[in-house]
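Work through the exercises below with the structure open. Each task is followed by a solution in steps.

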Amino acid sequence: MADLLRTASLLTLALIWCGCPTAEPDPEPEPYVPAWPTLTCDDIAAAHCAFPFPNNVFTRADATTDTGLRLALSVDAMPSTTAGPIDPADWNVADGFSPGGPLLVHIPGARADELVGSHAIGASLEGEARTILLNTATGALVPHWAELDRTLDDDDTRALLIHPAARLDDATRYVVGVRGLTNSLGQPLQPAPAFAALLGGDGPADRQDHYTRDLLPRLAEAGWGTDDLLVAWDFTTASRRDTTQWLLHMRDEAMAEAADGQEFTIDVVEDDWNPDTIAFRLQGTLTAPLYLTEPGPGGRLLFGDDGLPEVNAATPTMEVPFTVLIPQSATAGAKPLLQYGHGLFGAKEQVHSGHFRSFIDTYGWVFFAADLKGMASDDEQWVRDTLLGGDLGAIAAMYDRLHQGFLNWILLMELMTQGMADDATWGPYIDASVARYHGISQGGIMGLAYAGMSPHIDRAALGVMGQPYALLLNRSVDFEEFFLALQLALGDARDIQLVLALVQMMWNRVEPQGWSAYIDDPDPGGRPTQVFMRAAIGDHQVPTLGAHAMARTLGAAHVDTGLRDLWGLDLVGSAQGSHAYVEYDFGLPDVPPCNVPMSLCDDPHGKLRSLDEAREQLDAFLRTGAVTNTCAGGVCSFPALSGCVDGEDDAASQALCE
């Protein structure tokens, strides 16, 4: 043996001395870079051209974006309405998909009872779950729930919807999978032929490589084999810049201009309007830069060569009416500022309500508001006509106009903290060092987006709110009229759900699903905002499922009101200086366990705000940042207000899903 080792050593030295080549180790394989073919339709779940959705096969490579992708939806993939196919152009500017669903696929014969429902979100992370949502950046499983669409009665067009339990990360790729479902006879469902080919290694070369080298190994690492896999795909969420840059650009330009002073007028002064609580009601007009083709409904954003919104050169400004209520209590000393966000297709005049007048006088707040253009009272008929006309692509103008609406809100708060606070007549009533926000319903929903972009507010109180709209709409009685319009325009329930998923992508730029991730990490022009959220269990208009998604996204503390625990939220006795969530109960039965509205008993949506306990709790938060349980005995339950009659019980609620 010693002779063999000596001979080998001499041979090695000889090779080195003569410069002869030696055997090289096998090179490391090149790391896999994910790539997808750009497809017109996807056939891995062949029941619908655009399903599964969202899906990276509906993108193209683009090195200029933060995600390296750009949407490339085809006309064939878009729903076709009574007015013709929807033009995908307004969607194909995005660099990714919505950070919060819904995720859509159609698996004929699937049964709802095999899916992890909204009542058992934690089970979506366990080994028996039939659906999976996987973050490829972290390898973590994402909590979610799944359901079959129950909005229409046709079993043949019933989509499977997957809802993340909280907002997803920006510019991140996610893998989705469905496995092991059976039909009503208990027989295993089978994958579509195209997906079966990918599982067997026989798919198209430009797609098989991705499944073989990336997607299927990721699922295997999570404990998912291929034996009962029905479908799997991946998608990439839009970047933060893609979501926020239009509005932030508008804000920063307008705020720079406002630094030189704002043009405004006080058109009406009333000192005898409800004088028991209000010292002065002011009606005024603010001049704001106009970034739309026209100031009214249907106006579209104008863009410069840099791809960012630009002011209308022909009509550079618009007039923004606003109202201010100065309470009688302000005559004894200046009071802090409280901006209001109105309800669905509402108006600034909602601040005139009696319970608001009483609240601001009792607790001492200067209350003011402007319409949120895009979803204000003067937009409602335009939205209705657009949906009924079937030209669903035109609805993009609503989201463009919301950009202007939020800009107007920002400039109104700037006016109140500067021009009005410095005014010789009105300044003595205003404490401009405190600027807070309170919104209800739509104003509660949109208030979180506003908190994410506002350079002024540091606390926001949101009532009966939730996110995202695509989740809320199916479960809201307010949407029934608009849902009927979609039925008339589309017919196919899958197309209706696809339209909701598509418009959510536009809504993200102007609703909390887009902005809620930035509340604690604002851009340089914003400021961190503490958020207090309150919901009414059994709400007919804004389901608490959306409120829970919002609270989880913010990592809010769930302040105990003696009612129930909620998955993913820490139950605490009180909260100080942190985001907080609170629920009130009004004695209603359980909500339907599917995506239809709660419609039993009286709607508690508007009842919470008038309770003395709720008013005290609201003021304490706005002033101090503390959220405590102010209900008698520590239980915020008011069953006497239920309005329920015989037969309106849990069984009747369950029946709404059958």
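**Exercise 1.** State whether the crossing of helix 10 and helix 11 is left-handed or right-handed, and describe the contact.

Solution. In this predicted model, helix 10 and helix 11 cross in a right-handed sense. On the helix 10 side the contact is made by F483, L486, Q487 and L490, and on the helix 11 side by D495, I496, V499 and L500. By class, the residues of this contact are 6 nonpolar, 1 polar and 1 charged.

Next, the geometry. The axes of helix 10 (residues 480-490) and helix 11 (residues 493-507) come within 9 Å, and they cross at roughly 120°. An angle of 65 to 115 degrees would count as roughly perpendicular, and one over 145 as roughly antiparallel. The two helices, helix 10 and helix 11, are therefore oblique to each other.

**Exercise 2.** Find which strands stand at the edges of the open sheet with the order 6-9-10.

Solution. The sheet has 3 strands, and the pairing is antiparallel. Strand 6 (131-135) and strand 10 (229-236) each have a single partner strand, so they stand at the edges, and one side of each lacks a neighbour in the sheet. From one strand to the next, the twist averages 15°.

Now take one pair. Strand 6 and strand 9 (residues 173-179) are joined by 5 bridges. I132 stands opposite G177 in strand 9.

Finally, helix 3 (residues 205-221) lies across strand 6, strand 9 and strand 10, and runs at about 105° to strand 10.

**Exercise 3.** Identify where pLDDT stays under 50.

Solution. The chain average is 94, and 96% of the residues score at least 70. Residues 1-20 stay under 50. Where pLDDT is low, the predicted coordinates should not be read in detail.

Terms used: Residues are numbered from 1 along each chain as its sequence is written. This is a predicted model: local features need pLDDT of at least 70, side-chain atom pairs count only at pLDDT 80 or more; totals for chains, interfaces and linings use all residues. Side-chain values use heavy atoms; hydrogens and water are left out. Axes are lines fitted to C-alpha atoms, for helices over the stretch in contact, and angles run from 0 to 180 degrees between N-to-C directions. Helices (H or I, at least four residues) and strands (E, at least two) are DSSP runs, numbered from the N terminus. Angles under 35 degrees count as roughly parallel, over 145 as roughly antiparallel, 65 to 115 as roughly perpendicular and the rest as oblique. A crossing is left-handed if the near helix is turned anticlockwise from the far one by less than a right angle, and right-handed if clockwise. Contact means heavy atoms within 4.5 Å. Ala, Val, Leu, Ile, Met, Phe, Trp, Tyr, Cys and Pro count as nonpolar, Asp, Glu, Lys and Arg as charged, and the others, Gly among them, as polar. pLDDT is the predictor's confidence in each residue, from 0 to 100. Two strands pair if DSSP finds at least two bridges between them.
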